[in-house]
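These are my notebook entries on one chain. I kept them short and looked up one topic at a time.

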Amino acid sequence: MPQLVRPARHEGGFVKQFLVLIGISALSGVLIAGLALPWVAMASRGADNAASAMASFPLRLDFKPLDERTTVLDDQGNTLATFYDEDRTYVPLGQISGVMKAALISIEDARFYQHGPIDVQGTIRALLVNEASNSTLQGGSSLTQQLVKLTLLSNATTAKEQAAATARDYSRKFQELRYAVWVEDHFTKDQILEHYLNIAYFGDGAYGVQAAAHHYFNTTAAKLTLPQAALLAGLVKSPSGYDPTLHPVTARDRRDTVIDKMLQLHVISTAEAHAASKSPLNLHVTPMPNGCANSTAQWFCQYLLNYLQHDPALGATLADRNHAIFGGGLTVKTTLDPRFQVAAEKAVSDHVRPTDREAVGALAMVEPGTGQVKAVAQSRPMGTNKAKGQTMLNFTVPNDYGGAAGFQPGSTFKAFVLAAAIRKGIPLNTSFYSPNPITVDERGYHTCTGRPVGSAKDTFHNEGEAGTFDVYSGTAKSVNTYFIQLERLTGLCAPFTLANEMGMNLDANKYQVVSLTLGVADESPVAMANAYATFAARGVYCPATPVTEILDRSGKVVPRAATPCKRILRPAYADAVNNVLQGVMEPSGTGAMLTIDQPTAGKTGTTDDSQSVWFVGYTPNLVAASVVAGVSPTLLPRSLTGVTIHGTSISFASGGGTAGPIWLQAMKAIQRFLPNAHFVKPDPKVVKGQTVPIPSFYGYKPAVAATMLSKLGFSPQIGY
């Protein structure tokens, strides 16, 4: 409701109307008992008691904010989705056409601006009719009384309150009058009319005149014509009975009744009435989409909705937050770039079909330095029809926001060991002989508690042959046994902690294991893209977010808890990571075939038995993570080997050859929208470190290897 304004009294004030009502009650034995007698009794006890009764007669009406739909916008200002329990947009009276106001008043309360809280003439007429027919009370309600009823119904939270607000008896009318007196004493007629036009239900899911104008005629309340306004005004009496989408003939008759009434009251001319009555309904029914199913970016929309449902800025409880989302009239500005979204969806759909029952493809794009999620896409559409490949699980985002556990990211986790090694000062030319396979003792790997991982011996294999590799070549060729040895130098705690600082949320009791560098924890494309965005942003981590700003119904910014970006790596360390990962894209690297017309870095990932394959690639200003994963009909992990994907049977799945092409197609489509930028070369004074080549100690006893390392100038420590 607008600001309260005390209006002038009408028709001699309430006292005069009340005396008239007592006279009316003489015609009704029901009202004598319910209305007149209590006041007569109070008056018989003295003037003071009567005055007190008069003062307490009005009941204050609580006008709670009306439910309004929430609008979600992409980063270009286009509507992405709407959420609502009641399809309503509140508009001030000045934005409602004059003919709409006139039509409603004419048919519902022609003397609205002349009478007070009760229309005495209308009430007398209604009482006479009702008493003569021995029926329950009907008709005679002023717009103010109708507003009271609608407001009480809107405020009702229990079945009992709802029943009381709609009871067809004199008791309810008496209570309405008490509220109406207070309303007329605290609001102007225009304010009452404005609130009525916004709270009224116009049928077929449209609440308020603005939503009704859009729904039935694809226009606004300000642009309603006479026949349109007459139709809407006629609906409030019986929104379902006069619904023009179901009962067009009845609706047109009701519309013409409103037009005739307007003519009788000289609100419109004979010519205007004749022309309006001759016109067809000319409906242009425009449903207002609700939720994510009809969004142009279904999975981003679902991610956003779940994200908002976790945001304490929208309420202390989930129920409070849902009320804000579905009734608060918010405007949510999101990070989604529609150009990137189109490219992501096409790239995924061109490589993995919805009906590929044993595979899922997905892609996510994140902006470095902000954490803004620019696009998410997956091969399976939203829905419950399994025959069409539909699902309600969002595989692109973390479990909390999508309901899917994610997929093992394979060797893309090597980037955390790489970064930890650089941060520890391990030189980039550190070389190991990397056999295939390699067997290591768990006692040589320590957790953050300082204890060994275990006492077993673990064996690891390479996809390629054995050889001697340094940080550059070991990363470019994704040599597992090289990184198993590098991880022994960094210790498990450093890469484990770094991964969590970059958004991985790893369980300390579960994932501080030797195979950490090979990606054993399930992750989502958004999480992986966001982690790599730390490297692209030169060491600054920003939590992933789909939201830039939330405005309340009045257009004011909703204060939200700050989730500030933080520096995780020194710029030179991040530059070194980028420099090493650029080698992955060179001719000898596993991402050699994934080049675009901008500087790029990245990392491929393939899990054991090729259950999931990844590529996380990036420019200095955008990171994209693509994944193709094998899933059984019950969504359990399975090997991609032998699975048919987009019509082709997969004999060998890999990050560069299976997931990479999705990334490549999407990035080629959007690279023209990305600013030209280059990675910064690492500072040799910071990154260089010791440059002594390390020979292979494979098969040596720990004590012997330690002695040899000491001679090279190192200070080795034996962990067991």
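Entry 1, a term to begin with. I count a disulfide wherever two cysteine sulfur atoms lie within 2.5 Å of each other. In general, a disulfide is a covalent bond between the sulfur atoms of two cysteines. I also note that this model is predicted.

Entry 2, the disulfides as a set. How many disulfides does the rule give? I get a count of 3 disulfides. Numbering the bonded cysteines along the chain, I write their pattern as 1-2, 3-4, 5-6.

Entry 3, Cys448 and Cys493. I looked up this pair and found a disulfide with an S to S distance of 2.0 Å. Is it left-handed or right-handed? The torsion about the S-S bond of Cys448 and Cys493 is about 100 degrees, so I record this disulfide as right-handed. Next I checked where the two ends sit. Cys448 is in the loop between β7 (438–441) and β8 (457–460), while Cys493 belongs to helix α21 (residues 493–501), so the pair ties together parts that are 45 residues apart in sequence. For exposure I used the range between 20% and 50% relative accessible area, which is called partly exposed. Cys448 has 37% relative accessibility, so it counts as partly exposed. Cys493 has 27%, so it also counts as partly exposed.

Entry 4, Cys542 and Cys565. The sulfur atoms of Cys542 and Cys565 are 2.0 Å apart, and the two form a disulfide. The torsion about their S-S bond is about 115 degrees, so I put this one down as right-handed. The pair links distant parts of the chain, 23 residues apart. Cys542 lies in the loop between β10 (540–541) and β11 (547–551), and Cys565 in the loop between β11 and β12 (566–567). Which end is buried, and which is partly exposed? Cys542 is buried, at a relative accessible area of 3%, whereas Cys565 is partly exposed, at 37%.

Entry 5, Cys292 and Cys301. Here I found a disulfide with the sulfur atoms 2.1 Å apart. The angle about the S-S bond is -75 degrees, and the link of Cys292 and Cys301 is left-handed. I then looked up the cover on each end. Cys292 is buried with a relative accessible area of 8%, and Cys301 is buried with 0%.

Entry 6, the chain as a whole. I counted 27 helices and 17 strands. Of the 720 residues, 53% count as buried. The chain exposes about 31000 Å², with carbon and sulfur atoms supplying 53% of that area. Among contacts with a separation of 6 or more, 70% come from residues 24 or more positions apart.

Entry 7, the nonpolar cores. In soluble globular proteins, nonpolar side chains tend to be buried together. Which residues touch the most other members of the largest nonpolar core? I found Met365 and Phe535, in a core of 136 residues. Helix α23 (residues 525–536) gives the most to this core, with 9 residues. Another core, of 54 residues, lies apart from it, and its members include Phe63, Met100, Phe187 and Leu281.

Entry 8, around Met365. I left aside its neighbours within four places in sequence and listed contacts. Among them are Phe340, Ala344, Gln372 and Lys374. Met365 is also in contact with residues further along the chain, including Leu622, Val623, Ala624, Ala666 and Ile670.

Key: Residues are numbered from 1 along each chain as its sequence is written. This is a predicted model: local features need pLDDT of at least 70, side-chain atom pairs count only at pLDDT 80 or more; totals for chains, interfaces and linings use all residues. Side-chain values use heavy atoms; hydrogens and water are left out. Helices (H or I, at least four residues) and strands (E, at least two) are DSSP runs, numbered from the N terminus. Buried means under 20% relative accessible area, exposed over 50%, partly exposed in between (1.4 Å probe, protein chains only). Contact means heavy atoms within 4.5 Å. Accessible areas come from the Shrake-Rupley method with a 1.4 Å probe; for residues, only the protein chains shown count as cover. A nonpolar core is a set of buried Ala, Val, Leu, Ile, Met, Phe, Trp, Tyr and Cys residues joined through side-chain atoms within 4.5 Å.
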